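User: Please take me through this protein and its ligand, and give the reason behind each label that you use.

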Amino acid sequence: MKNYYQPEIETASYEEIRRIQNEKIVKQVKHVYDNVPYYRNLMQQKGLTPDDIKSVDDIKKLPFLSKDDLREAYPFGLLGTDLKNIVRIQSTSGTTGKRVVAFYTQHDVDLWEECCARAIVAAGGTNEDVCQVAYGYGLFTGGAGLNGGSHKVGCMTLPMSSGNTDRQIQFMMDLGATILCCTPSYAAYIGESLAEQGYKPEDNKLKAGIFGAEPWTEEMRQGIEKSLGIKAYDIYGLTETSGPGVAFECEEQKGMHINEDHFYAEIIDPETGEVLPEGSKGELVFTSLDKEGFPLLRYRTKDICILSREKCSCGRTHVRMTKPLGRSDDMMIIRGVNVFPSQIETVLLKEGYPPNYQIVVDRVNNSDTFDIYVECPAELFSDKVSEMQTLEKNLNTAMRSMLGIGPKIHLVAPKTIERSEGKAVRVIDKRKLH
Ligand code: DLL
């Protein structure tokens, strides 16, 4: 038997989904125009009024929003309603400069949790399940989103948050968790830890995992499925659109269905902004069709992917997206934290180092390693190991306070980092995630 959380909408015909989207977009554009002066201004610059948007086909006329707009409008500039209607905020893992704060009304929280509930049911979840949520709780959207979805499905929810792996394992085994929600790298780590403690995959009661928030490969999926004895499902989302649950995998495990009744997806050429036809690889852009608190129109995710309307055997009709195949900006996700090379450069310059550096990221035993090689200015360079270690330690502290995670710093002799004649290669990402 097929399981859906909201069967009517999840299996609605293409025409029905279009009808709903057309109805919602007209209302939403008016809502944004009337309540978000920042976006009204962008529309006016293009000579647009809400009357110009009569269906989702007209969305392509609307201006884009990017992370830069979010930064400029921080904190309240893109708020879509009176603050008294807001019941919650969530935020990204970036630092102050890069931080995104998203606002939710109760309606928005319900909508978001329903999207997560759809993902849990698609992974086989029912009210008989025990759902262990090991995504971080707090500002990060992972814990809150899956926690809410699990409640809606009626699972017994274990609000573990991330970390404290021994305790995760104890609760998992003692309370008989059947569904695990966390990042894929943490799932792999939990798998390894279970094996180290002498458990075999069949010793746990887990049947499924819902893993996302960072890139992961098919090989990693197979490894996790084997070590935990489960089926591992991908889930996608971003703080700007609400959080996890914008798209999720079904039993086919072949791309993620986008919840199209809430989010209208486009693929654009990241250079020109032109909308590309179905099947093209490009940057994913989302328009939220019915959010009240943070109603972003045409938000550029920077995630590169492909959309497909190929029929899915699960019966869901919503368009599917591939895993993100890369990003059109230089953001890296290291141990779940968003890191931009520009932040690293800022720290180096502030601490008196030249911007000659190289970032090396790798994945060893399913966890990310993060090294930065930095040229030491001649006046600071010393042949005393202890002096160099002190410099490295200080730089590590400065990086940690900017990025939220601490890289291993390697100070190297002046002029030893290769110079480039074209674009400098600042980042060497060996993780082979795409
Ligand atoms: O990571 C929301 C989330 C939480 C998704 C839990 C899934 C599960 P942010 O911290 O705002 O939100 O980061 C969003 O993470 O633009 C992608 O680049 C990346 N990302 C999210 N899900 C996936 C995935 C959450 N399944 C950014 N595969 C996005 C690859 C993903 N990358």
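User: Where in the chain is Ala213 placed, and why is Ala213 called partly exposed?

Analyst: Ala213 belongs to the loop between β6 (208–212) and α9 (218–228), the elements being DSSP runs numbered from the N terminus (H or I over at least four residues for helices, E over at least two for strands). Its relative accessible area is 42%, and since buried means under 20% and exposed over 50%, with partly exposed in between (1.4 Å probe, protein chains only), Ala213 is therefore partly exposed. This is a predicted model in which local features need pLDDT of at least 70 and side-chain atom pairs count only at pLDDT 80 or more, while totals for chains, interfaces and linings use all residues. Residues are numbered from 1 along each chain as its sequence is written, and side-chain values use heavy atoms, with hydrogens and water left out.

User: What makes the backbone of Ala213 worth a remark?

Analyst: Ala213 is not a glycine, yet its phi is positive, at about 85°. Most residues other than glycine have a negative phi. Ser242, in the loop between β7 and β8 (243–249), is another residue other than glycine with a positive phi, in this case near 140°.

User: Is Ser242 buried or exposed, and how do you know?

Analyst: Ser242 is at 2% relative accessibility, which is under the 20% limit, so Ser242 counts as buried.

User: Which residues come nearest to the ligand, and how do you know that the ligand makes polar contacts?

Analyst: Around the ligand there are 20 residues, of which Ala213, Asp234, Ile235, Thr239 and Asp303 come nearest; a residue belongs here if one of its heavy atoms lies within 4 Å of the molecule. A polar contact is a pair of N or O atoms within 3.5 Å. One nitrogen atom of the ligand lies 2.8 Å from an N or O atom in the side chain of Asp234, and a nitrogen atom is also found 2.7 Å from a polar backbone atom of Ile235. On the oxygen side, a ligand oxygen is 3.2 Å from an N or O atom in the side chain of Arg327. The protein covers 97% of the 620 Å² of accessible area that the ligand has on its own, an area computed by the Shrake-Rupley method with a 1.4 Å probe.

User: In which pocket does the ligand sit, and what makes that statement hold?

Analyst: The ligand sits in the largest pocket, where sitting means that more than half of its atoms lie within 2 Å of the grid points. A pocket is an open set of points, on a 1 Å grid over the protein atoms alone, with protein on both sides within 12 Å along at least five of seven lines.

User: Which element gives the largest share of the shell around the ligand, and what classes of residue does the shell contain?

Analyst: With five residues, β7 gives the largest share of the shell. By class the shell has 10 nonpolar, six polar and four charged residues, where Asp, Glu, Lys and Arg count as charged, Ala, Val, Leu, Ile, Met, Phe, Trp, Tyr, Cys and Pro as nonpolar, and the others, Gly among them, as polar.

User: Why is Ser280 called buried, and why is Pro215 called partly exposed?

Analyst: Ser280, in the loop between β10 (263–268) and β11 (281–288), has a relative accessible area of 19%, which is under 20%, so the residue is buried. Pro215, in the loop between β6 and α9, is at 22%, between the two limits, and therefore counts as partly exposed. Along the chain Ser280 is 28 residues from Ser308, and their C-alpha atoms are 9.1 Å apart in space.

User: What makes the peptide bond from Tyr74 to Pro75 stand out?

Analyst: The bond from Tyr74 to Pro75 is cis, with omega near -5°. Most peptide bonds are trans. Pro75 itself lies in the loop between α4 (67–73) and β1 (86–91).

Key. A polar contact is a pair of N or O atoms within 3.5 Å; within protein, one must be able to donate a hydrogen and the other to accept it, and residues adjacent in sequence count only if both atoms are side-chain atoms. On a 1 Å grid over the protein atoms alone, a cavity is a set of points where a 1.4 Å probe fits but cannot get out, and a pocket is an open set with protein on both sides within 12 Å along at least five of seven lines; lining residues have an atom within 4 Å of a point.
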